[in-house]
Amino acid sequence: MKAKKGIIIFAIGHVNYYRMAENLAASLLCNGLSDSGLSVAVLVDDESKLRYPHLFNQVITLPSSDFTVDGKIVFNHATVRMYEYTPFDVTIKLDADMIWIPGKNPADLFSDLQKLDIAFETMGSSPLLDGADKSVWADVSDIKETYGLSTADRIYKIYGEFLYFKKGKKAEKFFNTAKQVYFEQKVKCYPFSNGTFTDELAFQIACMQTGIY
């Protein structure tokens with residue numbers, strides 16, 4: 001059976017995220033997304049906020065319990081679960097506040113990455129103790145001590161705007177580890193958007209814990 005490939009976009013909270021997600025979807029379609037047999041899905045908290053739902057192949061409404069704490073939206077609670085949410089076998093996740101620049105079909109990026117199980121946007125890596133500038137979210141020494149990591153482990157400066165992954169044992173192990181790190185919150189993370197932890201920090205630590213870089 002041919003693998004289902006597609007792009008997921010989160011639109012949760014303010015209506016501006018919905019407008020941006022629609023702009024992104026339109027830019028993907030204008031650059032040949034659907035002509036290449038790819039799909040785009042939007043993950044929302046309220047489908048009625050969409051002005052142009054026809055831009056998406058799927059609209060997936062997430063349960064509020066997955067992204068709210070004390071009545072407040074904690075966006076990373078949802079994004080750290082993207083592996084279980086995606087309807088695709090091969091997924092690219094893009095942040096809503098992006099646009100696809102004309103000139104390259106999104107399908108080409110799937111082709112470029114087809115040999116990989118998982119890929120992130122990064123600003124490079126360093127050995128753990130030398131990589132103080134590679135985490136904007138937590139103290140690198142605290143990460144090392146808390147998780148029993150060594151100087152042989154590499155810390156990547158990961159950004160969550162772009163992720164690519166295939167459904168399978170490797171990606172499943174990675175995301176399960178990231179979820180555990182995220183929800184246990186053993187190290188102090190600088191607060192962000194109603195939350196006390198970020199998906200980017202969880203992904204950084206999961207890389208080192210699993211050896212999946």
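**Group meeting: a walk through the fold, starting from β6**

Okay, let's start with strand β6, because both of its faces are covered: Val90, Ile92 and Leu94 are buried on one side, and Thr91 and Lys93 are buried on the other. Before I go on, please keep in mind that this is a predicted model.

The way those residues split between two sides fits a general rule. In a regular strand, side chains alternate between the two faces of the sheet. Here β6 covers residues 90-94, and five of the five are buried, so the strand is largely enclosed by the rest of the structure.

What does β6 pair with? On one hand there's strand β1, residues 5-11, which runs parallel to β6 and is joined to it by four bridges. If you want to find that pairing on screen, look for Lys5, whose bridge partner in β6 is Val90. Then there's strand β8, residues 154-166, which runs antiparallel to β6, with five bridges between them. There you can click on Ile92 and look across to Tyr164, its bridge partner in β8.

Now β1 has another partner, strand β2. The two of them pair in the parallel sense over six bridges, and Ile7 stands opposite Val40 in β2. How much of β2 is covered? Six of its six residues are buried. Ser39, Ala41 and Leu43 point one way, Val40, Val42 and Val44 point the other way, and all of them are buried.

So what about the helices? Take α1, residues 15-30. With 16 residues at 1.5 Å a residue, α1 should span 22 Å, and its end C-alpha atoms are 23 Å apart, which agrees. Its buried residues are Tyr18, Arg19, Ala21, Glu22, Leu24, Ala25, Ser27 and Leu28. Yes, Arg19 and Glu22 are on that list too. If you look at the spacing, the general rule is that an α-helix has 3.6 residues a turn, so residues three or four places apart point the same way. And what covers those buried residues of α1? The cover includes our strands β1, β2 and β6, plus helix α4, residues 106-112. After α1 comes Gly32, with a positive phi near 95°.

Let's zoom out for a second. The chain has seven helices and eight strands. For 213 residues, a compact globule would have a radius of gyration near 17 Å, and the chain has 17 Å, which agrees. Its C-alpha atoms fill a box of roughly 50 × 40 × 30 Å along the principal axes. Of the 213 residues, 49% count as buried. And if you take contacts with a separation of 6 or more, 75% are between residues 24 or more positions apart.

Now, the inside. As a general point, in soluble globular proteins nonpolar side chains tend to be buried together. In this model the largest nonpolar core has 44 residues, and the ones touching the most other members are Phe10, Ile143, Phe174, Phe175, Leu201 and Phe203. Several elements each supply at least two residues of this core, among them β1, β2, β8, α5, α6 and α7. Which element gives the largest share? That's α7, with seven residues. There's also a second, separate core of 28 residues, which includes Val42, Ala107, Phe110 and Ala119.

Phe175 is a good one to click on. Leaving aside neighbours within four places in sequence, Phe175 is in contact with Val80, Met82, Tyr83, Ile118, Leu163, Phe165 and Phe203.

Last bit: two lysines. Lys170 sits in helix α6, residues 169-184. Buried or exposed? At 42% relative accessibility, Lys170 counts as partly exposed. Not counting residues up to four places away in sequence, Lys170 touches Asp117 and Ile212. Lys170 and Ile118 are 52 residues apart in sequence, and their C-alpha atoms are 8.2 Å apart.

Then there's Lys144, in helix α5. With a relative accessible area of 23%, Lys144 is partly exposed; the cut-off for buried is under 20%. Leaving aside neighbours within four places, the contacts of Lys144 are Leu128, Leu129, Leu149, Ser150 and Thr151. For Lys144 and Asp89, the sequence separation is 55 residues, and their C-alpha atoms are 33 Å apart in space.

That's the tour. Happy to take questions.

Note on methods
Residues numbered from 1 in each chain as written. Predicted model: local features only at pLDDT ≥ 70, side-chain atom pairs only at ≥ 80, totals over all residues. Heavy atoms only, no water. Buried < 20%, exposed > 50% of the residue type's maximum accessible area, 1.4 Å probe, protein only. Contact = heavy atoms within 4.5 Å. Pairing = 2+ DSSP bridges. Expected span 1.5 Å × (residues − 1). Rg over C-alpha atoms; globule rule 2.2 N^0.38 Å. Core = buried A, V, L, I, M, F, W, Y, C linked by side-chain atoms within 4.5 Å.
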